[in-house]
Amino acid sequence: MAEQREETGRIVVGVDGSEPSKHALRWAVRQAELTGGVVEAVIAWEYPTFHGARGWFPPGSTDEAELEGKARREAATAVAAAVGPQPPAEVRIVARYGSPAGALIEASRGASLLVVGSRGLGGFAGMLLGSVAQHCTRHATCPVLVYRDSS
């Protein structure tokens with residue numbers, strides 16, 4: 001029964017270090033605190049377009065570990081900046097390989113809620129929704145909340 005509660009109380013939130021993602025994370029942590037849930041702060045990472053000095057080379061395992069570690073550190077920094085070192089609900093940092101939208105869709109399978117900012121680092125000023133938010137609202141298998149800061 002405890003596993004079911006954790007699964008149904010799991011809130012996945014996209015984190016990329018942008019202000020909209022920090023606002024979404026704050027909202028998700030407050031919601032988890034109210035519902036007794038857990039937050040998974042998900043950051044996506046990919047290999048650079050040109051891997052290697054003379055074009056694309058298959059990455060080695062140390063490259064993969066380094067890129068994933070860098071993503072985890074960036075997410076940890078964003079989480080600390082958004083909710084401090086002692087958030088009122090459990091926050092797990094998850095680094096997933098893939099595009100941001102794909103990583104969030106995959107991470108949110110079985111979650112009670114997916115939370116994304118209205119636009120992240122790649123957004124154009126003035127857009128109501130970024131491409132990641134649009135993709136998530138169309139393809140997620142759980143409810144999606146797009147947090148738009150009004151300030």
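E40 is buried in this predicted model, its relative accessibility being 12%. The residue nevertheless carries a charged partner: E40 forms a salt bridge with R10, and the closest N and O atoms are 3.2 Å apart. R10 is likewise buried, because its relative accessible area is 6%, which falls under the 20% limit for that class. The two residues belong to separate strands, E40 to β2 (residues 38–45) and R10 to β1 (residues 10–14), so their pairing ties together parts that are 30 residues apart in sequence.

**Salt bridges**

In total, the structure holds 6 salt bridges. Side chains of opposite charge can pair when their charged atoms come close. Three of the pairs, including the one between E40 and R10, are set out below.

| Pair | Closest N to O distance | Relative accessible area |
|---|---|---|
| E40 and R10 | 3.2 Å | E40 12%, R10 6% |
| R72 and E68 | 3.4 Å | R72 34%, E68 23% |
| R92 and E90 | 3.1 Å | R92 24%, E90 43% |

The pair of R72 and E68 lies within helix α3 (residues 61–83); the two residues are 4 residues apart, which means that about one helical turn separates them. R72 counts as partly exposed at 34% relative accessibility, and E68 is also partly exposed, at 23%.

In the salt bridge between R92 and E90, the N to O distance is 3.1 Å. R92 is partly exposed, with a relative accessible area of 24%, and E90 falls in the partly exposed class at 43%.

**Nonpolar cores**

Which residues have the most contacts inside the largest nonpolar core? They are V13, L25, V39 and V115, in a core of 17 residues. Two or more residues of this core come from each of β1, α2 (19–35), β2, α3 and β4 (113–117). The greatest share is that of α2, which gives 5 residues. Strands β1 and β2, which hold R10 and E40 respectively, are thus among the elements that supply this core.

V115 illustrates how distant parts of the chain meet. Apart from its neighbours within four places in sequence, V115 is in contact with I11, V12, V13, G14, A24, W27, A28 and L145. One of these partners, V13, is itself among the residues with the most contacts inside the largest core.

A second core, separate from the one described above, has 13 residues. Its members include L104, A107, V116 and C142.

How values were computed:
Residues numbered from 1 in each chain as written. Predicted model: local features only at pLDDT ≥ 70, side-chain atom pairs only at ≥ 80, totals over all residues. Heavy atoms only, no water. Salt bridge = Lys/Arg side-chain N within 4 Å of Asp/Glu carboxyl O. Buried < 20%, exposed > 50% of the residue type's maximum accessible area, 1.4 Å probe, protein only. Core = buried A, V, L, I, M, F, W, Y, C linked by side-chain atoms within 4.5 Å. Contact = heavy atoms within 4.5 Å.
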